[in-house]
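Let's take a walk through this model together, moving from one strand pairing out to the sheet and then on to the helices.

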Amino acid sequence: MSQTVRTRPEGSEQALSEAYDTALLDLDGVVYAGGDAIAHAVESLATARAGGMHLAYVTNNALRTPDAVAGHLTELGIPTVEADVITSAQAVARLISEQVPAGSRVLVIGGEGLRVALRERGLEPVDSAEDEPVAVVQGYGGPDLTWSRFAEACYAIARGVPWFASNTDLTIPGARGIAPGNGAAVEVVRIATGAEPRVAGKPLPPMHRETILRTGADRPLVVGDRLDTDVEGAFNGEVDSLLVLTGVTDGAQLLAAPPRHRPTYVDADLRGMLTGQPEVVEAGDGFRCGGWTATAGADALELTGEGEALDGLRALCAAAWTAAGEGVCELDGGKALARLGL
């Protein structure tokens, strides 16, 4: 796939909720963290929906069923139905169903979300390598998933059974901080077996295909907090993205982003869906956004001016990404980010 290398965040005169027909929203770190709604999420989503934007929730977390996720969102004050939720469990179940006969047994290393998704595709979930599964599927099973479950996967894979993973996110945000995600559990099995799973979740094409099939979006906007899943998934699907800074990505990671990890827009939280986005313009040998001008020096990114911190971050992104081209910016942005309190 050949794409133009993004060298700055884009501007938008229209509110994003008007410029795009469907928001494909990540959940953990975007809408909620540790089960509690993130600040401004409930009100922002209600306003976007009232304005006619379709809201769909796209998550790599394969633990909970779409119905359970919809119920949780509704309890938080975000009215949601099961059809509005797309999970990596659904994407991997479709991937498996396209490669094995209907009614086949699949060894599940994960939670109820995987089991429901497999049954939806006419497959039978089983718990043991002795149940003669034709595939192994691994997804996030919560913090209490036992070591014996990984052993069952290893036994089956060693016999030549193909291995699938819902996603490979190494971490998952929670109320107390960052915890190991399904990717960390996948690494356990990978190290033990030397095998490689087929992965369905973001940022890979099976997840984007599942999302478009289920939502019918014409002008989707991916909204997420992760560069390596949400933004890269949008890049792979050739759609625009909004990065919000309520999850795992910080300013330093954003400045160092390679082309596939550079979002179309950057904002603090979901209120960014309801507004236009300021334009970043060339200013001499640097880039200006709002009251800030950023330049790439010999060893560091430099920032002058004053104003909204996010405008300074957008200007710094333009300076860093332009200097990096198709690579990764190695200039020190620490002092510039410190000026912005980021």
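This is a predicted model, and a good place to begin is strand β14, which spans residues 240-244 and is joined to β15 by 3 bridges. The two strands run parallel. If you look for L242, you will find its bridge partner in β15, namely Y265.

Now step back to the sheet that holds this pair. Strands of a sheet pair through backbone hydrogen bonds, either parallel or antiparallel. Here, 6 strands make up an open sheet with parallel pairing, and reading across it gives the order β5-β4-β1-β13-β14-β15. At the edges sit β5 (85-87) and β15 (265-267), each of which pairs on one side only. From one strand to the next, the twist averages 25°.

Follow the sheet to β5 and you meet a helix. Helix α4, made of residues 88-97, lies across β4 (54-59) and β5, and runs at about 55° to β5.

Helix α4 also has a helical partner. Two packed helices are described by the angle between their axes and the distance between the axes. For α4 and helix α5 (residues 112-120), the angle is about 40° and the axes are 8 Å apart. Oblique angles include those from 35 to 65 degrees, so α4 is oblique to α5. The crossing of α4 past α5 is right-handed.

Which residues bring these helices together? From α4 come A89, Q90, V92, A93 and I96, and they meet G113, L114, A117, L118 and E120 of α5. By character, the residues of this contact between α4 and α5 comprise 7 nonpolar, 2 polar and 1 charged.

Conventions
Residues are numbered from 1 along each chain as its sequence is written. This is a predicted model: local features need pLDDT of at least 70, side-chain atom pairs count only at pLDDT 80 or more; totals for chains, interfaces and linings use all residues. Side-chain values use heavy atoms; hydrogens and water are left out. Two strands pair if DSSP finds at least two bridges between them. Helices (H or I, at least four residues) and strands (E, at least two) are DSSP runs, numbered from the N terminus. Axes are lines fitted to C-alpha atoms, for helices over the stretch in contact, and angles run from 0 to 180 degrees between N-to-C directions. Contact means heavy atoms within 4.5 Å. Angles under 35 degrees count as roughly parallel, over 145 as roughly antiparallel, 65 to 115 as roughly perpendicular and the rest as oblique. A crossing is left-handed if the near helix is turned anticlockwise from the far one by less than a right angle, and right-handed if clockwise. Ala, Val, Leu, Ile, Met, Phe, Trp, Tyr, Cys and Pro count as nonpolar, Asp, Glu, Lys and Arg as charged, and the others, Gly among them, as polar.
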